[in-house]
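Me: I would like a close look at a single part of this model, followed by whatever of its surroundings helps to place that part. Please take the time to answer at length.

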Amino acid sequence: MSSATRTISRPRRFTGAGARWVPYAFIVPFSALFILFLIAPIFVAIGSSLFTVKSSGLGFGGDSAAVFAGVENYVRALTNSDFIASFGRVLLFGVVQVPVMMILAGGLALLFDSSLVKAKRLFQFAVFLPYAVPGVIAALLWGFLYQPAVSPVIQFLASIGIEANLLAPGTVLWAIANISIWSYTGINMIILFAALQSVPREMYEAARLDGADELRIAWSIKIPMIWPAFLLTTLSSIIGTLQLFSEPAVLKTITPNISSDFTPNMAVFSAATLGNNANLSSAMAVILGVATLVVSLVIMRVTNRRNGASRDA
Amino acid sequence: MKFYLAGPTRSRITMGVIASASALALLAGCSAGPASTGGDSASGASTVDFWGWVPGLEDLVDQYNKLDTGTTVTFHRMTGDDGTKVKAAVDAGAGPDVVQLSTHDLPDYVIAGRVQDITEFVSDDESNYTPSSWASVSFDGQVYGVPQGIGPAGMMYRTDMFEKYGITVPTTWDEYLDAARTIHAADPNVYIANMSPSEVGQWMQEVQQAESSWYGVDGDAWDVGINDEGSQLVAKRWQTLLDEGLVTTDTMWTPEYWANVNAGKIATISYAAWFPSLLASNAESTSGLWKIAALPVNEGSTNAGDSGGAADVVLKGAADPEAAAEFISWLNGSDDTQETMISVGGIFPSTKNGLASPALTSAVPFYGDQVVNEVFIDAAENTPATWVDGPNYGTAQTALTDEFAKVINGQTTFLEALDAAQAATVDDLKSRGLSVNE
């Protein structure tokens, strides 16, 4: 395909392409927005996290002012057991939710890539569709299904003698995981499916000639070939887990079992809005950002090593 | 478009420039600040941007704009989390000129300097307001807002259930407990009330009834009384109701909650004067089955309770505080606005002309044509003036609701929850450099 295009395309003339400022002009829109909305806020947050607003007496004297506090906010955040517990909670969530979702997405991608499935387009669309539903809406929809008095699912279970409470302290985390799996399996499936499509078909033919069945082909060819895509989607899922916010924030309105600091991001939000302490909130956000960075680096390091190993082998 | 297609290079550069220019325009738009804050009253043409949530405010704003005041008011109806955005908007210089606030949040705004002192513009209004409502907008002798309604409490109850099980309407909390036991024993699917761990207002009205307050001022330091004697009385009451399984524990305002109300699972709801109209619209199927009585009283007391009111305040960024103050003074105090505020807005007035308005004493069909506000007028007169709002209400409220969630799961008790919330609130005050009496 590419060679065909190449033969018919003529070399273009770029009359002004030699000017030195041209490349800079091209990157201005991106870098301006990137600096203003990503880099600058990071520095503003770090700066803000080093200050604290102090008043005196009753506070009505109009003397409240931001004073330099050093690491005070960081100490407060790190000694807040509820904030630390929220990290443990999302880690537990990630350890269960990410593998379940990735196995589902991988399994579905392999199924759609095989000849076993009829009406492929329809089913692919059906699996992908939840991703098109915004996270907040998804949580609202599932919220209805989780409330006994309005949920047909729970009422059905009750009619056959199963008392399900999906919003209890022990189950609410998995009720959230269920929403995440429902929402994001589709997009991961599509990425893995696209990776499968780019595997040269000749390899399957060769494997079949060698007597491999479909399962063997999937296990020994397809999965190793899409492993990088698999790791990429897993990494972004883990990062998404650490940033968990909208689903629990929406479900919080229907159950008291999601506290105001249920996830790290919710703790950041509630410190800033309900607690009215933007400085403490900034420190918490910086801690969350660093934690995410560390987790990402560790995973990338492990991934690269493994890729290197498989290439060597 | 064709013009730019003259050559590939030029078109790309042009597009690049257009893209960056529009990006810059976007940024400029973001940082332009309060576009709405208009000129000063000297020039005779001010614009006041107003955020509020009371139904019918659109009509009142229109009415004001037709008066020849030289001020044009623009209105934005607050929904969802608009309330949590206000502080950030003010700090960013992009806030409205006037906003409606819960009076519980006001001290926080005053200390952070987010509201303007409007004493000189509204001090003449004081005589038209109930003393407790005026006190809720006054700090250190200065006035920071105009009251917009209060929340005296009453008890909505299901007449049909009370009749069916031969229960007389409880007037004391002891009788209430007996009624709770009787009704649940007679029908295990019926509960006397719902204890929503997130609904702090229902908690506060009983705390105030017990002559307690979360905050107090003693000298130049704050008192914190979230776990004081009155609160402990309320805690023991609900602990008994919870331990004996006499209440449901759903989160209020959820589909689950309203489904249970409609299904007749809940026999009484105690809440503020603004609640009856919400009950009527969310539980239409139970029309005619409810009546409203006074909140049951504590032994040896005739006190009623109040969960707090609202106020309109002039925010820091307002260019013309005088015009803004004049508007909120008219909106809340004028004889022309009382009827709309009461009958459309569902506000229980904090004004004397409002309390005298015939709109307040109309019969309500949902409650079997009862003149429900008679109960609330009585409650307003019997509410002790003990409640003081403090500087970190948000922190106290969050701590309490998070702890109450553990209580209804049996992980802790109401008394322990109060102690935990007290400690969290005191710690937070200290971290702000404020003085706390201990």
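How many residues of strand E14 (residues 310-314) of chain B are buried?

Reply: The model is a predicted one, and what follows should be read with that in mind. In strand E14 of chain B, five of its five residues are buried, and the strand is accordingly described as mostly covered. The cover is found on both faces: B:Ala310, B:Asp312 and B:Val314 are buried on one side, while B:Ala311 and B:Val313 are buried on the other. This two-sided arrangement can be read against a general rule, namely that in a regular strand the side chains alternate between the two faces of the sheet. A charged residue, B:Asp312, is thus listed among the buried residues of one face, together with B:Ala310 and B:Val314.

The pairing of the strand comes next. Strand E3 (residues 98-102) of chain B is joined to E14(B) by five bridges in the antiparallel sense, and within this pairing B:Ser102 has B:Ala310 as its bridge partner. Strand E6 (residues 146-147) of chain B also pairs with E14(B) in the antiparallel sense, here over two bridges, and B:Pro147 has B:Ala311 as its partner in E14(B). B:Ala310 and B:Ala311, the residues of E14(B) named in these pairings, belong to opposite sides of the strand in the description of its buried faces.

To place the strand in its chain, one may turn to the domain assignment, which divides chain B into domain 1 (41-149 + 308-356) and domain 2 (153-307 + 364-431). Residues 310-314, which make up E14(B), fall within the 308-356 segment of domain 1, whereas strand E3, at residues 98-102, and strand E6, at residues 146-147, fall within its 41-149 segment. The centres of domain 1 and domain 2 of chain B, taken over C-alpha atoms, are separated by 28 Å. Their contact draws 14 residues from domain 1 and 17 residues from domain 2. On the domain 1 side, helix H4 (residues 106-111) of chain B supplies the largest share, four residues, and the residues of that side divide into six nonpolar, six polar and two charged.

Domain 2 offers a sheet to set beside this picture. Three strands of chain B form an open sheet in the order E12-E7-E13, with antiparallel pairing. Strand E12 (268-272) and strand E13 (290-294) of chain B are the edge strands, each of them pairing on one side only, and the twist from one strand to the next averages 30 degrees. Helix H12 (residues 275-282) of chain B packs on this sheet, where it touches E7, E12 and E13, and its direction makes about 135 degrees with that of E12(B). Strand E7 (residues 153-158) of chain B is joined to E12(B) by five bridges, and in this pair B:Met155 stands opposite B:Ser270.

For chain B as a whole, there are 18 helices and 14 strands, and buried residues make up 48% of its 438 residues. Among its contacts between residues at least 6 apart in sequence, 75% join residues at least 24 apart.

Two loop residues deserve a note on their backbone angles. As a general matter, most residues other than glycine have a negative phi. B:Trp253, in the loop between strand E11 (247-248) and helix H11 (255-262) of chain B, has a positive phi near 75 degrees, and it counts as partly exposed because it has 15 C-beta neighbours inside 10 Å. B:Asp369, in the loop between helix H15 (352-355) and helix H16 (373-381) of chain B, has a positive phi near 60 degrees, and this residue is exposed, with 11 other C-beta atoms within 10 Å.

Lastly, chain B also meets chain A: 42 residues of chain A are in contact with 45 residues of chain B. Helix H2 (21-49) and strand E1 (51-54) of chain A each supply at least two residues of the side of chain A that touches chain B, and the largest share, eight residues, comes from H2(A). That side of chain A divides into 21 nonpolar, 18 polar and three charged residues. Of the 29 residues of H2(A), the number buried is two, so the helix lies largely in the open, and a kink of about 45 degrees lies in it at A:Val28, shortly before the proline A:Pro29. Strand E14 of chain B, by contrast, has five of its five residues buried.

Note on methods: Residues numbered from 1 in each chain as written. Chains lettered and ligands numbered in written order. Predicted model: local features only at pLDDT ≥ 70, side-chain atom pairs only at ≥ 80, totals over all residues. Contact = placed C-beta atoms within 7 Å. Pairing = 2+ DSSP bridges. Axes fitted to C-alpha atoms, helices over the stretch in contact; angles between N-to-C directions. Bend = angle between axes of the 7 residues up to and from the residue. Buried ≥ 20, exposed ≤ 12 C-beta atoms within 10 Å, placed from the backbone. Domains from an automatic or database assignment.
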